[in-house]
Amino acid sequence: MAQQEITRDEIMAVFPTIAETMADALGCDVDDIKLDVSLIEGLDAESIDFLDMVFRLERAFKIKIPRGKIVENARGALSEAEFEQNGLVTDAGLAQLRAYLSEVPAERFRTPTKVKDIPRLFTPETFCKLVISAQRSAKAAS
Amino acid sequence: MADHFAAFSFVDRITGFTPGVRARGQFAVPAVLAAFPSCLVAEAVGQLAAWVAMAQADFRVRPVAALANEMRFHGDVPPGALLGLAVEIDSCDDEAVAYAGRATSGDALAIELLDCLGPMLPVAEFDSPGELAARFDLLRGPGATPGRFHGVPVPEIVRGAGVPGESLAAVLHVPAVAPFFADHFPRRPVFPATLLLDAQISLALQLAAEAPDLPAGTQPAPVRMTHVKMRSFIPPGEVLALDAQRAPTGGGAGQIMLSARANGMTVSTARLEYAPRRVA
């Protein structure tokens, strides 16, 4: 199913709450949370921090975010087999990933990209999109 | 395996159970103990939630301590007390269990846990799935024989440098051998997060007791612990560098930022809020 494009206005509407939530989870200043900072390389986030952030965002926005939802969203209309092969993102998958993570500078995408390294690309904007997507799903279901 | 389900197990009986949703239970704190720290009360609540989560997953996966957004300390639990335990499961799947819970001692609320999350890992890595399933049936039926817990050895904590009232460091030597490792967990011994929290609270209260703004005739008492985050497992024999940093909040109260590091890596972080309590 085609995903409706997420607008800049939508992102900026949720970003303040997301920045506060992330700063609380990471124990850093809210001013350190820029839309395009790498959560792992820029803010030293670890896997437990991602779990913490998703858990906090679910409560802050009263939404449910299934585990693995970011990668699922990033995959878009591609099937799992079209997106990855043997732990590596396919060419088609990489193109889709670049499109979904449009805020991430091109030089941060490696070739080949391992699926397990995808979280290294995540930024606060990635989580803004995740929340907006979950809000849309909840609205559609109600 | 005499220590399995004994040396670090804090649910004697599950008295109410709605699969995947909620449970009630009880634990008789042995009267012979010198004390029963609040962190072990929290452990009892967490263990009840773990039973619900493991049963929901047919004992394929089990939760491990990871995140506790808030623990509220309401009162001490004396040896000999009967703890009443209750948990409400917010969500539970093969990835994680999210829950809240509380423990009471008589009619008094002892502790509340809010917004806790435990990632699920394969049970077989830690314990026998079959033995756990059988134990769950026992707990849901007649219950386990009370009085199995005989206390935990106090880990060696060596006080280090600091600035009185502002910061304090210490080194915690996790024992290489202890009865609780046979229970937590039989196949993969892990230093319980709640014992680390207990040591960190002790350190924090030492720091707070030396603060110049603490009113005369009072001593600091924990009010709540927030942002508890366990980043990795702590094996037997580990040496942990503990750190406590205090920020006063007025009226003799304050918040203390706590961290524990092993081999230069942060293994846990938490924040403790305390308030002065008049010495009887």
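This is a short walk through the contact between chain A and chain B, the salt bridges, and a few helices and single residues.

Okay, some housekeeping. What you have in front of you is a predicted model, in which local features need pLDDT of at least 70 and side-chain atom pairs count only at pLDDT 80 or more, while totals for chains, interfaces and linings use all residues. Residues are numbered from 1 along each chain as its sequence is written, chains are lettered from A and ligands numbered from 1 in the order in which they are written, and side-chain values use heavy atoms, with hydrogens and water left out.

Let's start where the two chains meet. Chain A puts 13 residues into the contact and chain B puts in 16; contact here means heavy atoms within 4.5 Å. Between them, chain A and chain B bury about 1,300 Å², and 54% of that is on carbon and sulfur atoms. Buried area, by the way, is the accessible area, taken with a 1.4 Å probe, that two parts lose on being put together, summed over both. Which three residues supply 43% of the area that chain A buries against chain B? They are I48(A), F55(A) and R67(A), and no other three residues give more.

Now the polar side of this interface. The rule finds six salt bridges across it, a salt bridge being a side-chain nitrogen of Lys or Arg within 4 Å of a carboxyl oxygen of Asp or Glu. It also finds eight residue pairs in polar contact, both residues at pLDDT 80 or more. A polar contact is a pair of N or O atoms within 3.5 Å; within protein, one has to be able to donate a hydrogen and the other to accept it, and residues adjacent in sequence count only if both atoms are side-chain atoms.

On chain A, the elements giving two or more residues to the side that touches chain B are α1 (8-26) and α2 (47-61). Helices and strands are DSSP runs numbered from the N terminus: H or I with at least four residues for helices, E with at least two for strands. The largest share of that side, seven residues, comes from α2(A). By class, the chain A side has four nonpolar, one polar and eight charged residues. For those classes, Ala, Val, Leu, Ile, Met, Phe, Trp, Tyr, Cys and Pro count as nonpolar, Asp, Glu, Lys and Arg as charged, and the others, Gly among them, as polar.

Next, some individual salt bridges, out of 25 over all chains. D24(A) pairs with R271(B), with the closest N and O atoms 3.8 Å apart. That pair crosses between chains, from helix α1 of chain A to strand β13 (residues 265-278) of chain B. Is R271(B) buried or exposed? R271(B) is buried, at 16% relative accessible area, whereas D24(A) is partly exposed at 29%. The cut-offs are under 20% for buried, over 50% for exposed, and partly exposed in between, with a 1.4 Å probe and protein chains only.

D52(A) and K229(B) also meet in a salt bridge, at 2.8 Å, N to O. Inside chain B, E70(B) and R224(B) do so at 2.9 Å. Because E70(B) is in strand β4 (residues 67-73) and R224(B) in strand β10 (residues 218-230), that pair ties together parts 154 residues apart in sequence. E70(B) is buried at 12%, and R224(B) is partly exposed at 25%. Back to shared partners: salt bridges join D24(A), E46(A), D49(A), D52(A), R56(A), K229(B), R231(B) and R271(B) into one network.

On to two helices. In chain B, α1 (residues 38-56) has 19 residues and reaches 28 Å from first C-alpha to last, close to the 27 Å expected at 1.5 Å a residue; the expected span is 1.5 Å times one less than the number of residues. Of those 19 residues, 17 are buried. D58(B) follows α1(B) and has a positive phi, near 55 degrees.

In chain A, the 18 residues of α6 (residues 124-141) should span 26 Å, which agrees with the 26 Å between the end C-alpha atoms. The buried residues of α6(A) include F127(A), L130(A) and I132(A), and the buried residues pack against α1, α2, α3 (69-75) and α5 (91-100) of chain A.

Last, two single residues. S38(B) sits in helix α1 of chain B and, leaving aside neighbours within four places in sequence, contacts F73(B), D76(B) and I111(B). E84(A) is in strand β1 (residues 84-85) of chain A and is partly exposed at 23%. With the four-place neighbours again left aside, E84(A) touches V89(A), T90(A) and V115(A).
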